[in-house]
Amino acid sequence: LQRRAFEAFAALLRNMAGQRQIVVVLDDLHWGDTDSARLLDHWVASGLPPLCLVLAYRKDPGARITLSRGGDMLSVLHRLRTEAPSDLDSRFIELAELDEAEAFDVAFELLRARGKASAPMARAIASASGGHPFFLGELVDHADAAGPARQGQPATPTTVEEALRARIAALPEGSRRLLEVIGMARGPLDLEVAVRAAQTEHEADVVALRAARLATTFQQAGRTFIHTAHDRIRQPVIGAIPEPIAIDYHVELATALAARKDVDEEALAYHLIASGERDRGREHAMRAAVSAERSLAFLRAAELYRQILAIDGERAEPSLHRRLAEALSNGGRGADAGRAYLVGARVAKARGLRAERVDLLRLAAEHLLKSGRGDEGVSVLREALTEVGLRYPDRTLDAAASLLWRRARLDVSLLARLPRT
């Protein structure tokens, strides 16, 4: 089902490209989920129409902060770079970190602009920053705020994390709370939700975070979203929040999300579960999974079903395992679907649901065999046949004989029912 939707989307783009020049820009792909990765992979593999496709992303694994765990988007992007189709004119512009000499030059110039030109300090800053321009600026600002080195002490900067912690500590209380709320979210957060959860002033605190280069905002579909300016900022932020306060933030975020008409069910489920309200979180996770399936994001739905199964534990019903398997199957993960059906069959056996068990075993065998897992599929098929009193034929001759015997029985049964003349 998902593949047919991908093909329909590709056909739409081909039709559009036949009428006019098209430029497609996909930004922040490091946030892309598994279903989006599959769409991009299928799209390029099936042959792109004449258009300009611009992909922007960060390579560092820490940039990926979606619920999906596999790193699929970054894997697809790496494959496009190393195994691009021969008919695809690929051009890669890598904005890499500065080398040691370049980082030194930038640090020295930044220090000189502040009247604190120092080659040893610039060299230490360049080394500590790893050549990242953002971290260069942070360390220079931190060195400037710290004042001159004391007598007998080396003019060396602290780590980037210590520089960030010092900047965060200098924020007004409202701005710091807002930054902590943003950090507790796992991605861009609706600004109205963030402000309500932080219980702070809108304009002044947002301006303070942006001026401190700790957060940034963007517009999407008429709404304003806010997130940390760099993923590395998030770690010292959330790492300094005591667990009771973190739980309070999850509660406030859940309350703010639930108050919206256009509820983000997945985000709401996450914060409810993190705040200890697992039953309510389960309810919204189920809604999010159903919504994901309706939008053909089947692997996102599968991830949510796994979370619900983790909440239910031994109480999980076979039907939930079936839903997980169906999502995996629709998402093109046949072997994983087969194994999910098999787990459901085991649960059905424990519950004494024989008909449900047989059906789940049948589906498990079907998906495993179709996915090329012959040994696994045959083993499950044997189990299913045994359950209904049939024997799996070990030889071709046995299979043919069994087929002929059952055909003969059917023919005799039909003849016996014919009216006599």
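In this predicted model, the buried residues of helix α1 are Q2, F6, A10, L13 and A17. These residues cover an arc of only 75° around the axis, which puts them on the same side of α1. Such an arrangement can be read against the geometry of the α-helix in general, in which there are 3.6 residues a turn, so that residues three or four places apart point the same way. The opposite face of α1, turned away from the buried side, carries the exposed residues R4 and N15. The helix itself runs over residues 2–17, and its 16 residues reach 23 Å from the first C-alpha to the last, close to the 22 Å expected at 1.5 Å a residue. The cover over the buried residues of α1 includes α2 (34–45), α15 (298–312) and α16 (318–330).

Of these covering elements, α15 also packs against helix α14 (residues 278–294), at an angle of about 160° and with the two axes 8 Å apart. Since angles over 145 degrees count as roughly antiparallel, α14 and α15 are therefore roughly antiparallel to each other, and their crossing is left-handed. On the α14 side, the residues that meet α15 include R278, R282, A285, M286 and V290, while their counterparts in α15 include F298, L304, Y305, I308 and I311. Charged residues take part on both sides as well, among them E293 in α14 and D312 in α15. The loop between α14 and α15 holds L296, a residue other than glycine whose phi is nevertheless positive, near 70°. At 27% relative accessibility, L296 counts as partly exposed.

Helix α16, another of the elements over the buried residues of α1, has 13 residues, which at 1.5 Å a residue should span 18 Å, and its end C-alpha atoms are 18 Å apart, in agreement with that value. Its buried residues are P318, L320, H321, R322, L324, A325, A327 and L328, and what covers them includes α14 and α15 together with α17 (334–350) and α18 (354–370). Just after α16, G332 takes a positive phi of about 85°.

A positive phi is also found elsewhere in the chain, at R213, where the value is about 60° although the residue is not a glycine. R213 lies in the loop between α10 (202–211) and β4 (215–220), and with a relative accessible area of 35% R213 is partly exposed.

Two further positions, D190 and S129, were examined for their surroundings. D190 lies in strand β3 (residues 189–190) and has a relative accessible area of 6%, which means that D190 is buried. When residues up to four places away in sequence are not counted, D190 touches R223, T224, F225 and R260. The C-alpha atoms of D190 and R223 are separated by 7.2 Å, although the two residues stand 33 residues apart along the chain. S129, in turn, lies in helix α5 (residues 119–129) and counts as buried at 3% relative accessibility. With its neighbours within four places in sequence left aside, S129 is in contact with F135, L136 and L139.

Technical notes: Residues are numbered from 1 along each chain as its sequence is written. This is a predicted model: local features need pLDDT of at least 70, side-chain atom pairs count only at pLDDT 80 or more; totals for chains, interfaces and linings use all residues. Side-chain values use heavy atoms; hydrogens and water are left out. Helices (H or I, at least four residues) and strands (E, at least two) are DSSP runs, numbered from the N terminus. The expected span of a helix is 1.5 Å times one less than its number of residues. Buried means under 20% relative accessible area, exposed over 50%, partly exposed in between (1.4 Å probe, protein chains only). The arc is that of the directions from the helix axis to the C-beta atoms. Contact means heavy atoms within 4.5 Å. Axes are lines fitted to C-alpha atoms, for helices over the stretch in contact, and angles run from 0 to 180 degrees between N-to-C directions. Angles under 35 degrees count as roughly parallel, over 145 as roughly antiparallel, 65 to 115 as roughly perpendicular and the rest as oblique. A crossing is left-handed if the near helix is turned anticlockwise from the far one by less than a right angle, and right-handed if clockwise.
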